[in-house]
Amino acid sequence: QVQVVESGGGSVQPGGSLKLSCTVSGLVFRNYAMAWYRQVPGQERELVAQILTSGHTNYADFLKGRFAIMTDNTKNTIYLQMNALKPEDTAVYYCVFEGHWGQGTQVTVSS
C-alpha cells in the first residue's frame with residue numbers, strides 16, 4: 001500500500017519560514033517524478049515545484065527564488081523549504097509521488 005503523508009504546515013507571519021515534509025512508503029524511493037502543488041479555495045490547483053525523473057527541478061515563476069524542493073533518499077522524504085512567506089502563499093499544499101497524492105497540509109500566512 002503506497003502512502004504519501006505531508007506534515008509541517010501551520011500558521012506563520014509574513015516574512016517567516018516553514019519547511020514541509022512528505023514521507024513516502026510502499027514504493028522503492030528512487031529518482032521518480034515528484035512535486036509539490038498548492039490550492040486556494042475557489043481556484044485551480046497550481047504547481048509549486050517539481051523534480052523530474054531525470055533529476056532536474058522546476059519552480060513556479062511566482063516563487064522568485066523563495067522556495068526550494070529537496071529530497072533525503074535515506075528517509076524516503078521530500079521537503080519544501082519556504083522562505084519570505086507572503087499572505088498570497090496561503091493555501092493547502094499537496095505532495096505527489098509517481099501519481100500518488102497526499103492529503104494536503106494547510107499553510108496560513110497572516111499578521
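Which residue forms a salt bridge with Arg66? In this predicted model, the partner of Arg66 is Asp89, and the closest N and O atoms of the two are 2.8 Å apart. The structure holds three salt bridges, and through shared partners these contacts join Arg38, Glu46, Arg66 and Asp89 into one network.

**Contacts of Asp89**

- Because Arg66 lies in the loop between β6 (57-59) and β7 (67-72), while Asp89 lies in the loop between β8 and β9, their salt bridge ties together parts of the chain that are 23 residues apart in sequence.
- Both members of this pair, Arg66 and Asp89, are buried.
- Asp89 also meets Arg38 through its side chain, in a salt bridge with an N to O distance of 3.0 Å.
- This second pair links distant parts of the chain, since Asp89 sits in the loop between β8 (77-82) and β9 (91-97) and Arg38 in strand β4 (residues 34-39), 51 residues apart.

**Contact of Arg38 with Glu46**

- The side chain of Arg38 forms a salt bridge with that of Glu46 as well, at 2.8 Å from N to O.

**Exposure of the partners**

- Arg38 counts as buried because its relative accessibility is 5%, which falls under the 20% cut-off.
- Glu46 counts as partly exposed because its relative accessibility is 31%, a value between the cut-offs of 20% and 50%.
- Asp89 is buried, as is its partner Arg38.

Technical notes
Residues numbered from 1 in each chain as written. Predicted model: local features only at pLDDT ≥ 70, side-chain atom pairs only at ≥ 80, totals over all residues. Heavy atoms only, no water. Salt bridge = Lys/Arg side-chain N within 4 Å of Asp/Glu carboxyl O. Buried < 20%, exposed > 50% of the residue type's maximum accessible area, 1.4 Å probe, protein only. Helix = DSSP H or I, 4+ residues; strand = E, 2+ residues; numbered from the N terminus.
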